[in-house]
Structure formats: C-alpha cells, structure tokens
Amino acid sequence: MHHLGYWSLAVYAASFACYAWNLYVPNPWVGRIATALLAAGIIVHYFYLYQRSLMLHTVPYDDLYGSMSLFAWLLGLTYLGLEFFHRQRSVGAFVTLLLICWIGALRVLTPRALPVPTVPHGALFALHVTLNTWAYAAFALSFVLSLIYLIQDRVLRSRRLGTAFWRFPALDVLDRMARSSVYVGLVALIAGVSMGLVWQHRLSGGYSLGDPKVIITVAILGVYLAYLFLARNAAWRGARAALLCALNFVIVLFSYTFVNLYLTRFHRFL
Amino acid sequence: MTTSTTDRNNTVRIKVALIGCNHLTAPVELRERIIFSTQQALQAADELRHQGILEEAVVISTCNRSELYGVPGDLAASATEAMEEYFTSFHQIPRSELHGRLYRWSGPEAVRHLYRVAAGLDSMLLGEAEILGQLRSAYNQALDHGATGPILNRMFQGALEVGKRVRSETEVGARPMSVALAGVKLAERVFGNLKGHSALILGAGAVAEQVVEHMRARGIGNLRVVNRSFDRAAELAQRVGGEAVAWESLETELGLPDILVTSVTASGPILTRSILERALAARSGRSMFVVDLAVPRNVAEDAAGLYNLYLYNIDDLGEIVAQNKKARESEIPRVEAIIAEHIDKFEAWRGALEAGSIVSDLREQFHQQREILIREQLKDMDEVSAGERDRIAHITEKLIERLLEHPEQKLKHGRGMRGRLAGLEAMRHLFGLDEEKK
C-alpha cells in the first residue's frame, strides 16, 4: 500500500477515536474534530486512489483491491453527506470502524498481484462503474443504520437500557437516515446501469441482459424498491423494514464479490 | 481598595472564605428562615464589605442552600466568625440555633466546595443542572453590583467552567432522574425531536402533569387531555395549553397521538390489546410510545407485544431512574478529577500572585539589610572615597537582584502546585516575612 494509503487509514482511525469518544462522552468540539478528520481522511484517500492509478497506469476499479478501496472511499463520502443532511453524528463511530476494518481487510483478502494496465474504456464506462460502486457503498451504509435500528429497537423493548443507549440516535432518525441512504444508492444504481447499457450499446450494438451481473443488479433494484415501499406500509414500517434493508445487503455483497469473481463474463475484475 | 489582604509591607496574601448551610446540614424549617432574596443578597454583600468583614462578596441562596463567599479583609482566623456573626444578625436568628448547622471553609477547601456545588455534587439530586444557572445568576448580579473583585471573579468563572465541563464531559447530569423525565426522554429515543409530534394525556395525575410539562418544554406539537370528568380535563388542558376531549371519544382519539400518557384510577386495564391494536392500525402502523403511570395499570400487559408499540409502566420507569442514579454515582470520580484540575488552576494563579509579592518583600528586606550592613562596615573606613562607596552600593544591589532572579523564576513558573506553595510557605518562614509583618 502506498504511504498515502496508510495515512488515510491513520486519519480514519483518528476520526473513529473521536467519534467513539463523542459517543461515550458527548462533546460538540470532539464531534466536530471527528467530522473534520473524516473529511481529511476522505481527501487523503482520494489522493491515494489517484496516485495508485497514476503509478499503475490503470483505474481503481480494474482490480478487486482498487475497487474495494474505491468502495470504502465512497462509503465515507456518502456518510459525510448524510451526517451534514441529518445533523447526526452518533453513527459516525460505526461507519468509521467499518471503514477501518474494510481497508484493513483489503491487504489480507485481495490478491497481491498488481493489475495489468488495460485499454481505457472511456468516461461513460468510468461513470458506470463508479456510480454502481457508489450505490453499493450507500447500500452498505443503509445496512449499518438498519442494524443500529434493530439493536436500538430491541433495547427499547427489553427495557434494559445501557450507557450507550442514551447516545444512539432516535429510531425515527435512524429510519430516515437509512431511507436517505437507500435513495442515494438507488439513484446511483439506476444512473450507473443506464450508463453501462448505453456504453455497451455503443460498443457492440446490443445488450447482454442474460449476464448474471445484470440479473442480480435488477434483483437488487427490486429488493430496495420493495424496501422503500414496505417501509411506509403499516405492517412493515419500523423494525421489519429495517430487517429487510439489512438482509437486502446480503444480496449486494453476493453481487459484489461472488458474482463479480466467478459468475459474470463481462463484469469480472481484470 | 485592594481586593485581597494587603499589609503595610504591600504583601498580597489571597484567601477565600465561605460559610453556609445546605439541605444536608439544616432542615427545611431552618433553611426557609435564612434564605436571601436577590435584593437581600446584594444588600448583604454591600454590608459585609462596608463593615470591613470582606473585601469581595457573593451570596448564593437557593431553596437548598444559603452561602456567603468572600475574600476576608484581614488574615485573622476570625474572618469566618465575623461572617457567621453577620449571617445570624442579618436573619435575626440566635447563633445557638445555627450551632452545628453552618459549615465554614477557607482557602482551597472553600474553592473545592464551590466547584462541587457547580458540578452538582452537593445537590439534593446528584448532578442536577439547575444549580449552575442559579450560581451564574448570583455571580452575575454580584458582579454587576460591584461586589466582586479579581479573586472571586476568577473563582466563580472557574466554577462555571467546572459546571459546564462536568455536564459536557461526564454522564453525571446526562440521564433522567425522575419518572416523568425518564418517560419523555424515552419517547425522544423513538421520535427524536418531539416538535411536531402529538400526545394524549389520559387522566390528570400529578406525575402525568409533570410529563406534560417536560413535553411542553420540548415543544410537543399537539396535546390533548381526556378524563372521566371533562371539567378536570378542561382544567388541565387550559393549564398546559392543550385541548380537552370527551371520555366517550377516547377510542377515536387513540389513533392520533404518538405519545400516550395514562394515569387513570381504575380497577383494571382500560386499554386492552385489541383497543391499542385498532389504534395502531388507525395510524398506519406508525410507532406509538405509551407511558402507563397508573397503579393498577391502565394498559393490558399483553399489549407490550404489539408491533411498533413501546410500553413502559411506572415500575419500568422507576427501574430506569434507579439505573441512572447508579450510573450518575459512578461518574463522581471523573467529576472530582475535573474539580481537582480546576482547583490546581486557581491555586496556581493564586500562587503566582503571591510569589510576586514574596519576592518584592524579600527584595525590600535585603535592601534594608544591605544598607544597614554598608553603613555599619563603612562607618570607620574614612579612606573609602565617595565614588568607591557608590560602587560598593551598586555591586551589592546587583548581587541582590542576581540572588533573587532564580527563586523568582522558580516561584512564578515552577511546575507542581503543591511544591510551589510549599516553597512560598518555606520562604515566608525562613526569611521571617510573616513575623516581619506582625
């Protein structure tokens, strides 16, 4: 990993420490520092991805390592946007922890071989991949938020309230944040898929609709649209919708890893 | 006028003193007789200063405490005696009646007491925030009135900082300590901000009214009151700015509120599972938070299992309050650490002021000794010319400055408060500065 990669990891870790501190003992200044550190981590991470691309003469998504790193970067960016939009910091500790674990796991889980430079596919293709990765990152965020919702709901029902309980965001806030995240994911996914289809049509004059990646992407669109519909339904709103949202992410993970690595012909990492 | 004890040698020795009593030392029958109104507090501060008992004064008076803080006008141990004398004469209470009821602190102990008060450690309800507002108000009034000076200003500003830090950095004041507030705080865990949400109050019990007050303070959007007696409902509704609803329309009303607070005297549950099930259906499954304050309970036990209904009864809330009390108590060491840190800061400031005065005392004493010595030694030396005498005087003056330079720096900028204060005391003792004053 380039030294900027280690730097971004260190800044994310510092941000996590501040978010965790702020969760344990709320302090507006510590919260602000946590947000500032996250923003700094995202900037350093961006330059890391840029440097890596320049060094390898490739784009981040050409290999599993780069793609997962881009995913982490977009996850941080999406969370930062949600934090500003909803004015809620108490989830930051969980998101930054996920970021650290994700980036830390990259070295262990991804192949050591460096990617071979490929022929550029153009801006449309770049947008297609980046938007789809952004969608996955947003869905990952909704997964984290839904999990916290389920824990909070369980604690409220059990009536055994621990120290952290009073610091978590309210159920209503978590619900709104999870839905916002899914909206971001769906918009990014629809835009990304559309660009991919246009790009493929320009290239080959047709569409490979039978590709497992296309099929599972349509399934992902379906399950998240179902979530948004059911989240407003009397019988589903609340914990059931949160559970559905969390389970939907399993399909996303399957698509992102297993399908990309073994099933698809067009969407494999190079 | 100086704001601390200044003797004829221009020595500044800073000491604060405090006398007072609180809920731990005096019963309410006594406390209510020694309360100071705002005007009386300012009058007492004025009189204490004009009578020369104190040079700076602040009076704090709440329902749980009456305390006089000040910087005594002289260093005698009788400062607190004089304050007590004034205190009893002001309220026209025999001293014997206050015997054993008043506490007296001076020096760092007085500072510690004030900081503990600001932190809420000395309050009836551990960690309560109200005292900090009362302290700020008492101090600001004294400040505006000109009753304070640099020492009490520093001390009270430190206290306000302690109060603020304790509430933002520890959990001592974070969790609700009353059943009513616990209910409202739990509702906030479901809905977040209560603004724009609605509540229905079933019954008109005292605790229910407290819940309503907390909800009102948080800007609850819509408030309705239902009671078997419409008049009582109307009375409560008018008092809390809500709307009274007839008992007969209870079931229809149940579909509207996000929060339901019930405290009706009844032999069995008024709200069964099926009634609440219908209410949830009427509100399209949106979450409902129910606080059942009645004994016997108004809400059937099996209703707790309803989806999106969060039900808390009086025992649940009582248990939460007990947990919170324990949690607050466990925070005391952290609060004490913040207090200790601020006492050190105050003492460092005080020490630095005193160090400056000690060095000037020493300088004055050395110069006196130098003049005496030169006069004695040169008395019989006629061969020493006037020019040589001037040179001797100049050299010995420079020697004194050089000898004082190091201890002065050590005392002003040395590390470790305890060591520095011990150093100050040792210097006073070794060079006989206190005896000199007497």
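Analyst: Let's start with a term: helices (runs of H or I, at least four residues) and strands (runs of E, at least two) come from DSSP and are numbered from the N terminus. This is a predicted model, in which local features need pLDDT of at least 70 and side-chain atom pairs count only at pLDDT 80 or more, while totals for chains, interfaces and linings use all residues. Residues are numbered from 1 along each chain as its sequence is written, chains are lettered from A and ligands numbered from 1 in the order in which they are written, and side-chain values use heavy atoms, leaving out hydrogens and water.

User: Which helix of chain B do Glu329(B) and Lys325(B) both lie in?

Analyst: Their side chains form a salt bridge, 3.2 Å from N to O; that term means a side-chain nitrogen of Lys or Arg within 4 Å of a carboxyl oxygen of Asp or Glu. The two residues sit four places apart, about one turn of the helix. The helix, residues 314-330 of chain B, is α13.

User: Is Glu83(A) buried or exposed?

Analyst: Buried means under 20% relative accessible area, exposed over 50%, and partly exposed in between (1.4 Å probe, protein chains only). Glu83(A) pairs with Arg89(A) in a salt bridge of 3.4 Å, N to O, and Arg89(A) is partly exposed at 29%. Glu83(A) has just 5% relative accessible area, so it counts as buried.

User: How many salt bridges does the rule find over all chains?

Analyst: One of them joins Arg239(B) and Glu235(B), at 3.1 Å from N to O. There's also a network of linked salt bridges made by Glu81(B), Glu84(B), Glu85(B), Arg95(B) and Arg104(B). Over all chains, the count is 29.

User: And how many salt bridges cross the interface of chain A and chain B?

Analyst: The contact (heavy atoms within 4.5 Å) takes 29 residues from chain A and 31 residues from chain B. Across that interface, though, the salt-bridge count is zero.

User: Which helix gives the largest share of the side of chain A that touches chain B?

Analyst: By class, that side has 17 nonpolar, five polar and seven charged residues. Here Ala, Val, Leu, Ile, Met, Phe, Trp, Tyr, Cys and Pro count as nonpolar, Asp, Glu, Lys and Arg as charged, and the others, Gly among them, as polar. The largest share, five residues, comes from α5(A).

User: How far apart are the end C-alpha atoms of helix α7 of chain B?

Analyst: The expected span of a helix is 1.5 Å times one less than its number of residues. Helix α7 of chain B, residues 150-169, has 20 residues, so it should span 28 Å. Many of its residues are listed as buried, including Ile151(B), Phe156(B) and Arg165(B). The expected span agrees with the distance between its end C-alpha atoms, which is 28 Å.

User: What distance separates the C-alpha atoms of Leu54(B) and Pro72(B)?

Analyst: Leu54(B) is in strand β4 of chain B and is buried, with a relative accessible area of 2%. Leaving aside neighbours within four places in sequence, its contacts include Tyr69(B), Val71(B), Pro72(B) and Met83(B). Leu54(B) and Pro72(B) are 18 residues apart along the chain, yet their C-alpha atoms are separated by 4.3 Å.
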